[in-house]
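Visitor: I should like to learn how to read a protein structure, feature by feature. May we take one example and work through it together?

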Amino acid sequence: MFRYFQELPLPQLTTRQQPPGNALVGLPVIFYTDDPTEQTFTVDIRGFTVVIVARATAFSWDTGDGTVLTTTEPGAPYPQQTITHDYASGSYTASLTTTWGATYTVDGGVPATVPGTTTTAGPPATFTVLQARTVLTNPYD
């Protein structure tokens, strides 16, 4: 069953980041994915109808600066953010690797767990973190 599970076209979840585009030093970047984290597949194996339900079980966020954040949830956008990271100024490429587990049924029988997991790597997100500098001005000049 594991071989069939590994061959399924599991989705490559997209890394989303807020703010979109450029970020600022001192303000954390929020990471999340809003792609579906559960997929159902029906396959015919030697005349038996097998339904495999794949679920994302872990999310590894490579922040692009050497830090990897591992979570069991896909995160959320502002204001319910759960996955954030602070950066120094520079350009970064972040990516998401998703670990998938699955259950299966044969001809509508009792669900069983597929032994093992598999992973997919989503497309990277590239962004720049800028250093903002305050400038005092005299509004009466």
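Guide: The turns that follow discuss the core, some strands, the salt bridges and a surface patch. Please keep in mind that this is a predicted model.

Visitor: Let us begin with the interior. Which residues of the largest nonpolar core touch the most other members?

Guide: The general idea comes first. In soluble globular proteins, nonpolar side chains tend to be buried together. In this model the largest nonpolar core has 25 residues, and those that touch the most other members are Phe5, Leu10, Phe31, Ala54, Tyr87, Trp100 and Phe127.

Visitor: Which strands each supply at least two residues of this core?

Guide: They are β3 (29-32), β4 (38-45), β5 (48-62), β8 (90-106) and β11 (125-130). The largest share, six residues, is that of β5.

Visitor: Let us look at one core member. What does Phe127 touch, leaving aside residues up to four places away in sequence?

Guide: With those neighbours set aside, Phe127 is in contact with Gln17, Gly21, Val29, Phe31, Tyr87, Gly90, Ser91, Tyr92 and Ala94. Two of these partners, Phe31 and Tyr87, also appear in the list of core residues that touch the most other members.

Visitor: Strand β3 has now been mentioned. Are the residues on its two faces buried or exposed?

Guide: To read a strand, one examines each side in turn. On one side of β3 are Val29 and Phe31, on the other Ile30 and Tyr32, and all of these are buried. Both faces of β3 are therefore covered, since buried means under 20% relative accessible area.

Visitor: How many bridges join β3 to β1, and how many join β3 to β7?

Guide: Three bridges join β1 to β3, and these strands run antiparallel. Within this pairing, Gln18 stands opposite Ile30 in β3. Two bridges join β3 to strand β7 (residues 84-85), again in an antiparallel arrangement. Here Val29 stands opposite His85 in β7.

Visitor: I should like to turn to charged side chains. How many salt bridges are there?

Guide: The count comes to three salt bridges. For each, one may ask how far apart the closest atoms are, where the partners lie in the chain, and how accessible they are.

Visitor: What can be said of Arg3 and its partner?

Guide: Arg3 forms a salt bridge with Glu7, and their closest N and O atoms are 3.5 Å apart. Both residues lie in helix α1 (residues 2-7), four residues apart, which is about one turn of the helix. Arg3 counts as partly exposed because its relative accessibility is 47%. Glu7, at 53%, counts as exposed, because the cut-off for exposed is over 50%.

Visitor: Where do the partners Arg16 and Asp34 lie?

Guide: Arg16 and Asp34 form a salt bridge with closest N and O atoms 3.1 Å apart. This pair links distant parts of the chain: Arg16 is in strand β1 (residues 16-18), while Asp34 is in the loop between β3 and β4, 18 residues apart. Arg16 is partly exposed, with a relative accessible area of 32%, and Asp34 is partly exposed at 48%.

Visitor: Which parts does the pair Glu38 and Arg55 tie together?

Guide: In this salt bridge the closest N and O atoms of Glu38 and Arg55 are 3.1 Å apart. Glu38 lies in strand β4 and Arg55 in strand β5, so the pair ties together parts that are 17 residues apart in sequence. Glu38 is partly exposed, at 42% relative accessible area, as is Arg55, at 35%.

Visitor: How far apart are Val53 and Tyr104, in sequence and in space?

Guide: Distance along the chain and distance in space are separate readings. Val53 and Tyr104 are 51 residues apart in sequence and 6.2 Å apart in space, C-alpha to C-alpha. Val53 is in strand β5 and counts as buried because its relative accessibility is 13%. Not counting residues up to four places away in sequence, Val53 touches Glu38, Gln39, Thr40, Gly101, Ala102 and Thr103.

Visitor: Finally, which residues make the nonpolar surface patch?

Guide: Leu24, Leu27 and Leu130 make a nonpolar surface patch of about 250 Å². Leu130 is in strand β11 and, with a relative accessible area of 38%, is partly exposed.

Definitions and conventions. Residues are numbered from 1 along each chain as its sequence is written. This is a predicted model: local features need pLDDT of at least 70, side-chain atom pairs count only at pLDDT 80 or more; totals for chains, interfaces and linings use all residues. Side-chain values use heavy atoms; hydrogens and water are left out. A nonpolar core is a set of buried Ala, Val, Leu, Ile, Met, Phe, Trp, Tyr and Cys residues joined through side-chain atoms within 4.5 Å. Buried means under 20% relative accessible area, exposed over 50%, partly exposed in between (1.4 Å probe, protein chains only). Contact means heavy atoms within 4.5 Å. A salt bridge is a side-chain nitrogen of Lys or Arg within 4 Å of a carboxyl oxygen of Asp or Glu. Patches are made of residues with over 30% relative accessible area and no salt bridge: like charges are joined within 9 Å, nonpolar side chains (Val, Leu, Ile, Met, Phe, Trp, Tyr) within 5 Å. Accessible areas come from the Shrake-Rupley method with a 1.4 Å probe; for residues, only the protein chains shown count as cover. Two strands pair if DSSP finds at least two bridges between them.
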